[in-house]
Amino acid sequence: MSVSDSHLDTIRQLRAEIEGIDRVARNSAAGAGLGPDAGLSYSFGLFSSISPFSNAEQTVAEIVSSVRAVLGKLAPVATIETSGDGMTVRTVVQYAGGTASVWSDATSFELATVVAGAHLESLGKTYALRAAFVGAIGAVGGALASISLAVANPLTVLHALASAKALKLALERLVAAVEAAA
Amino acid sequence: MSGSDALLTFNGINGSTGRYDVEPMAAEDFSRIVLGTGPARPDEKAHLEELERRRKRDTEAHYAPKEGIDPKKLEQTGWGVIFAFGADPAVYEALTPLLKLRKQQAGDRYREYVGPTAYRCGSAGSPGESKQNFLMRNGAGPGPVDPLIVPYYLLIVGDPDTIPFRFQYQLDVQYAVGRIHFDSIADYAAYAQSVVAAETGTLALAKRAAIFGVSNDGDAATKLSHDELAQPLAEWAATQAGWTVDKYVNGDATKARLASLLGDGAPAFLFTASHGMCYNNGDIRQQAAQGALLCQDWPGPSYQGAIPDGFFFSGDDVASDAKVFGTIAMHFACFGAGTPQLSDYSVSGAPPAIAPKSFLGRLPQRLIAHPRGGALAVIGHVERAWGCSFHWDRAGSQTEVFKSAIKRLLEGHPVGSALEYFNGRYAELSSDLSTTLEDVKFGAAVDPYLISGLWTANNDARSYSVVGDPAVRLMLVHDLEPVHRPVLEVISVPETASPSQQASQLPATPPINAGLVDYGVIDSVRGAAASLQDAAQKIGAWLADSFQTVTSVHVSTYVSDSLKDVQYVNGVLTGAELRAVTIANLDGNTVVCVPEQDGKVDDALWKIHSDTFDKALANRVELLKTAASAIASLVPGVKAL
């Protein structure tokens, strides 16, 4: 696999976006308990003017499907190869804990040093991408929990559904990012 | 307890110290407390005005909602249930059988106050809404009940921290109010099952009452309640047509007697008069035992030290096979029905906290939620109970309010309607007290004992509360029927009903009130919420798994003459020579295998290997931090689901 800086930026940006969705959902749920009068009038206004529940189940089904896709597409193993001046180095990373590298037996010290620098840099980015995915997935979990809470409250159900839609879009991009990094 | 020089003796024994919860004091001292406690809330004046209206109504007419309404007929009086805003839908579900029954009985006078019409709770620094505001939002002003607008019988569902006792007292002036609150969903379901079974099944109780009057040695308070309340009530009850009365007085009111009475088959109506147990604010026993009935076993004030469990009857003493189905009990005892967080009696300034939060008494909770068939209601006292409610200065014993209320109960009146006599007395006393305090304000010299008496009686009368549905009544045997008290099947209720179950069980057609719209709304997305929770939990499990599997770093470095022949199968490299290995467990164990060439360390390979290991280790640490942070942020949310 080859990891670019843009991959990393995309995932980190997505994580920040998802954490923002989480915050909105969490704050709306918390805010509902602070001021029942305010919350209620706000809620009345929305309830009387729109009917937002028609496609809620579909949105949630798509979110669940995307979560499964993200978790399923995260390969347990990554292979990184670096070549230079006729030499190739291969490293197999098992995310559960093992890393194995194969070097040419005939490699001179100088050549090995040059290729090793490039190879280790790739290895570092591969690791960083994995950490970024874990962070983004953790953020998804937090957002899901917050949205679930907000959905259960009549005052915040509309916020929750709006957050769910935003999360669905973010998850679709996360799935694409996982596929691109594979 | 008569004459201005008499010491006032108060009901309630502190279980921690074994002393009186409020030490006896002179009437004059107590009157200072009263005078220092004027109306404190903006709604107090309006409440007093309403009490005056109520007093006039009661002295000029009869007890009932508006003219022409029979309080024994739910189709006329109506019936409503008040939830706190944002209440747990699982509670609603657990009560569904009861709600369906009441809806059937009350017809178009059935109301559910949920969602937008629910009680609006207070938040930090602001109290919950007043009874006036609640009624106003729901279309009713002060005055006699018009069941077409708000039903006469109102069941509050929620703990008194969320829906305060004060709201209940205020509402109870014109309406017939009861309250239930339990710690478990199963208890709500058990109570609903008991009421429904009692009113639709074969329950037919014998017309048997029991009067349980404690009189502890050397204790003026229980001597008074024994001699001037329990004994007169026992004698009077025995004269009621068709009723037999078991008397547990004159030293017979022991804990063992009470346990046996409930275990062998409780009477249809049980009246007890005793001290109620009190504990210091936050005492570990407070929640479970405050309001428990201190029995004859207490040797009296000469007893030194903490009160042992053997002296009092608490919720924990209600046996799992107790036969209390259908009983209605009335406890004259401090805190018998519940405890407010803040005392009703403060010398000046903010009332002191007497509990970490307001709560219902455990004994009534256990009695009415008994899974084999519970008592239908318990009438008890919130805060301290006072002798003034049955003894009035030079007039002596005054039991008419008790007798009138009990008579109604014995005749099959709903419990909320029977309690109207206490509410009428509260209205009268409040108006009298208000007038007297006004006189004092304008310089009149008033007997301190009169003020003390009015004040205590006022608080005492308002604090009688129904734990249970105010519309329940004694289900008594008719002339030719056999007496029958069935044992109910214990119903199984998941403690937190799954949202999908909730969705399937909630009423498909919202009842009359707009409040139910909210339940309808939640129905449509409840299945979605379950799916979201499931997905969140899957992620939590995945993260936890990641967390567990990254606790070691294993780096191997191979060399090969021909990389194309190298294969990676099942975690093992073949076709290459293993030259260096480093295994580091995060518990500190580390294994290092260093490459050598010609008897020396192969520096070139070792450097490559070491750099790779550093990268791998840094990554593991980063992953652990990320996973831990994600789990930490996820767990509170998941827990709250």
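Which residues have the most contacts inside the largest nonpolar core? They are B:I82, B:I211, B:C295, B:F312, B:A377 and B:L419, in a core of 144 residues. Helix α8 of chain B, residues 185-200, gives the most to this core, with 8 residues. Apart from it lies another core, of 63 residues. Among its members are A:I18, A:L144, B:A536 and B:L623. Keep in mind that this is a predicted model.

Now step back to chain B as a whole. It holds 19 helices and 27 strands. Of its 641 residues, 50% count as buried. Take the contacts in chain B with a separation of 6 or more: 75% of them join residues 24 or more positions apart.

Return to B:I211. Leaving aside neighbours within four places in sequence, B:I211 is in contact with B:A230, B:L233, B:A234 and B:A237. Its contacts also include B:V245, B:K247, B:Y248, B:V249 and B:F271.

Helix α10 of chain B, residues 255-265, comes next. B:K255, B:L258, B:L261 and B:L262 are buried there. Why do they lie on the same side of α10(B)? They cover an arc of only 130° around the axis, which puts them on one side together. An α-helix has 3.6 residues a turn, so residues three or four places apart point the same way. The face of α10(B) turned away from the buried side carries the exposed residues B:A256, B:S260 and B:D264. The buried residues pack against β8 (208-213) and β13 of chain B.

Strand β13 leads into a sheet. This open sheet has 4 strands in the order β2-β11-β12-β13 of chain B, with mixed pairing. β2 (13-14) and β13 (312-313) stand at the edges, each with a single partner strand, so one side of each is left without a neighbour in the sheet. The partner of β13(B) is β12, residues 293-294 of chain B, and the two pair in the antiparallel sense over 2 bridges. B:L293 has B:F313 in β13(B) as its bridge partner.

Two helices of chain B are worth a look as a pair. The axes of α13 (residues 400-410) and α15 (residues 420-441) come within 8 Å and cross at roughly 150°. From α13(B), B:V401, B:S404 and B:A405 meet B:Y421, B:F422 and B:R425 of α15(B). By class, this contact has 4 nonpolar, 1 polar and 1 charged residues.

Next, a loop. B:K357 sits between β15 (338-339) and β16 (359-360) of chain B. Buried or partly exposed? B:K357 has 13 C-beta neighbours inside 10 Å and therefore counts as partly exposed. Not counting residues up to four places away in sequence, B:K357 touches B:D161 and B:Q341. B:K357 and B:Q341 are 16 residues apart in sequence, yet 4.6 Å apart in space, C-alpha to C-alpha.

Finally, look at where strands of chains A and B share a sheet. Here 6 strands form an open sheet with mixed pairing, in the order β1(A)-β2(A)-β3(A)-β21(B)-β24(B)-β25(B). Its edge strands are β1 (77-84) of chain A and β25 (590-593) of chain B, each pairing on one side only. The twist averages 15° from one strand to the next. Within chain A, β2 (residues 87-94) and β3 (residues 98-104) pair in the antiparallel sense over 4 bridges. A:R90 has A:V102 in β3(A) as its bridge partner.

How values were computed
Residues are numbered from 1 along each chain as its sequence is written. Chains are lettered from A and ligands numbered from 1 in the order in which they are written. This is a predicted model: local features need pLDDT of at least 70, side-chain atom pairs count only at pLDDT 80 or more; totals for chains, interfaces and linings use all residues. A residue is buried if 20 or more other C-beta atoms lie within 10 Å of its own, exposed if 12 or fewer, and partly exposed in between; C-beta atoms are placed from the backbone. Two residues are in contact if their C-beta atoms, placed from the backbone, lie within 7 Å. A nonpolar core is a set of buried Ala, Val, Leu, Ile, Met, Phe, Trp, Tyr and Cys residues joined through C-beta atoms within 7 Å. Axes are lines fitted to C-alpha atoms, for helices over the stretch in contact, and angles run from 0 to 180 degrees between N-to-C directions. Ala, Val, Leu, Ile, Met, Phe, Trp, Tyr, Cys and Pro count as nonpolar, Asp, Glu, Lys and Arg as charged, and the others, Gly among them, as polar. Two strands pair if DSSP finds at least two bridges between them. The arc is that of the directions from the helix axis to the C-beta atoms.
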